[in-house]
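Thanks for coming, everyone. Please have the sequence and the model open while I talk. I'll start with the overall picture and then go through a few places in turn.

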Amino acid sequence: MSSPGVLIVDDESLIRWSLKERLESRGYRILEAESGTQAREKFSEGVDLVFLDFKLPDADGLTLLKEFREKDPEVPVILMTAHSTIERAVEAMKRGAFDYVNKPFDLDEVEILAEKALETTKLRREVKELRASQAAPYSIAQIVGESSQIQSIKALLKKVASSPASTILLTGESGTGKDLAAKAIHYTSSRSTGPFLNITCSALPENLLESELFGHERGAFTDAKTQKKGLLEQADGGTVFLDEIGEMPPVLQAKLLRFLEEKAFRRVGGSADIRPDVRIVAATNRNLKDAVAKGQFREDLYYRLLVLPLDLPALRERVGDIPLLVKHYIVRFNQEFKKKVKGISKEALARLESYNWPGNIRELKNAVERAMLLAEGDELTPEDFTALPSQAVAMEGFQLPPSGINFEEMERALVVQALQRAGGNQSKAAALLGMNRDQIRYRMEKFGLESGKPLKKVGEG
């Protein structure tokens, strides 16, 4: 590991010499500059700490401080001056100086200050590297797929991430990757160094969800023994991901709308407005327009969220991406399970491509994971995917009529039949179709099959 580089900028050679002698004796690599022009050149060579004089023949120390902070904010700058005033010191700290020293200075104190500053540089760079490693798996480039649908989504995600938009809505069936898209937006944006916090709106009762989002003051309710900051406040400078926003209770919908409109909210039991700088990414697998028509979702909130909508395609709409996704998961699970599976057979891949994937990418990932755990050879075969629901097998023998079919009508007919066979029980009907309850409810809304109303048999007018 190379020695830390310290740049000493001062037009007095004796000052530079005394600092150089002391710091070189401690193993630091020293660069010197007697003017602003030289300082800029030396700084561009890469340094870890700067000692900077306030007054130079051709530059002002505060101006150079600003330039250095813009080029590399991780490098601490210590200002030196023989004419220090409280006002100048305060101004230097406001502009990002690590500290300042008065001439003539005590070399022992300067050495201690240098050690603290370099430790700060080390920690800042470690944090930066850690954040970069955390962000890497969620970059837009990591989204697997080359289909026109997914390429379009990638382009939109990139535009949305770099935009100043404070509200984004992700729609699509369960399992299409809305959570991954939300993280891609966050980690590709200028907010990537800020927090990414998420909450599932259907996972908590109304009172707890309100407290989690907005926080509460001490004594706001029986168990509120201390003040608590909510996710919106904690995520200042970052992103809050509201998953399943279609399930948010009406009272909280109104409070969320106020925050989106006024950029302010109050903690539960509080009277002061709090104004965090936060981006909201909301997601739902429900048809919010239908929910608005049924009075289940606020119309004004719906249109406020609809400013930047992104609809993620179902896996059956991008079948051409299945080979790439399978390859991606094989590589991933080889590392995780210490396996050496080389690929998948043509027969097994054909089976996966013929399946409807009601659970979308999440279901495909789970299928490949199970196959990898059970596989004994170096290639995945059809036998490794026997856990796929029975309709996959039925589809292998299905022949598309010469005249084609209306897929929407066929999908609706299957949903109606499953609901009839399950006596209207949505969970049982979902199981018959290899879906979960959210997925079949999404299709019931899509096709206008309202719960509680008698279903017409297929073929009835």
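The protein chain holds 19 helices and 14 strands. Keep in mind that this is a predicted model. How confident is it? The average pLDDT of the protein chain is 88. A score of at least 70 is reached by 94% of the residues. There is a weak stretch at residues 457-461, where pLDDT stays under 50. The model has 6 contacts beyond four places in sequence for that stretch. Where pLDDT is low, the predicted coordinates should not be read in detail.

Now the overall dimensions. The C-alpha trace of the protein chain spans about 100 × 60 × 40 Å along its principal axes. The radius of gyration is 30 Å, whereas a compact globule of 461 residues would have one near 23 Å. Of those 461 residues, 44% count as buried. The chain exposes about 24000 Å², and carbon and sulfur atoms supply 50% of that area. How much of the contact set joins residues at least 24 apart? Take the contacts between residues at least 6 apart in sequence: 69% of them do.

Next stop, strand 4. Please find residues 77-81. Is this strand buried or exposed? All 5 of its 5 residues are buried, so strand 4 is largely enclosed by the rest of the structure. Look at the side chains. V77, L79 and T81 point one way. I78 and M80 point the other way. Both sets are buried.

What pairs with strand 4? On one hand, strand 3, residues 49-53, in the parallel sense over 4 bridges. In that pairing, D53 stands opposite M80. Between strand 3 and strand 4 the chain passes through helix 3, residues 61-71. This β-α-β crossover is right-handed. Then there is strand 5, residues 99-102, which runs parallel to strand 4 and is joined to it by 4 bridges. Here M80 stands opposite V101. So M80 is a handy landmark: D53 is opposite it in strand 3, and V101 is opposite it in strand 5.

Stay around strand 5 for a moment. P104 lies in the loop between strand 5 and helix 5. The peptide bond from K103 to P104 is cis, with omega near -5°.

Now back towards the N terminus, to R16. This arginine is in helix 1, residues 13-24. Is R16 buried or exposed? Its relative accessibility is 11%; the cut-off for buried is under 20%, so R16 counts as buried. What does R16 touch, setting aside residues up to four places away in sequence? I8, D10, D11, E32, A33 and E34.

Two backbone points next. Both have positive phi without being glycine. K263 has phi near 60°. K263 sits in the loop between helix 10 and strand 11. At 35% relative accessibility, K263 counts as partly exposed. N360 also has a positive phi, about 60°. However, N360 lies in helix 15, residues 360-374. At 0% relative accessibility, N360 counts as buried.

Let's return to the loop between helix 10 and strand 11, because V278 is there too. With 7% relative accessibility, V278 counts as buried. Which residues does V278 contact, leaving aside neighbours within four places in sequence? They are S166, R191, L232, A235, G238, T239, V240 and F259. Try one distance on your screen. V278 and T167 are 111 residues apart in sequence, yet their C-alpha atoms are 9.2 Å apart in space.

Last stop, helix 19, residues 437-446. Which of its residues are buried? Q439, I440, R441, R443, M444 and E445. What do these buried residues pack against? Helix 11, helix 17 and helix 18. After helix 19 comes G448, with a positive phi near 70°.

To recap, two places to revisit on your own screens. Strand 4 has 5 of 5 residues buried, with parallel pairing to strand 3 and to strand 5. V278 is buried as well, and T167 is 9.2 Å from it, C-alpha to C-alpha. And please leave residues 457-461 out of any close reading, where pLDDT is under 50. That's it from me.

Terms used
Residues are numbered from 1 along each chain as its sequence is written. This is a predicted model: local features need pLDDT of at least 70, side-chain atom pairs count only at pLDDT 80 or more; totals for chains, interfaces and linings use all residues. Side-chain values use heavy atoms; hydrogens and water are left out. Buried means under 20% relative accessible area, exposed over 50%, partly exposed in between (1.4 Å probe, protein chains only). Two strands pair if DSSP finds at least two bridges between them. A crossover is right-handed if, with the strands pointing away from the viewer, the path from the first strand over the helix to the second runs clockwise. pLDDT is the predictor's confidence in each residue, from 0 to 100. Contact means heavy atoms within 4.5 Å. The radius of gyration is taken over C-alpha atoms; the globule rule is 2.2 Å times the number of residues to the power 0.38. Accessible areas come from the Shrake-Rupley method with a 1.4 Å probe; for residues, only the protein chains shown count as cover.
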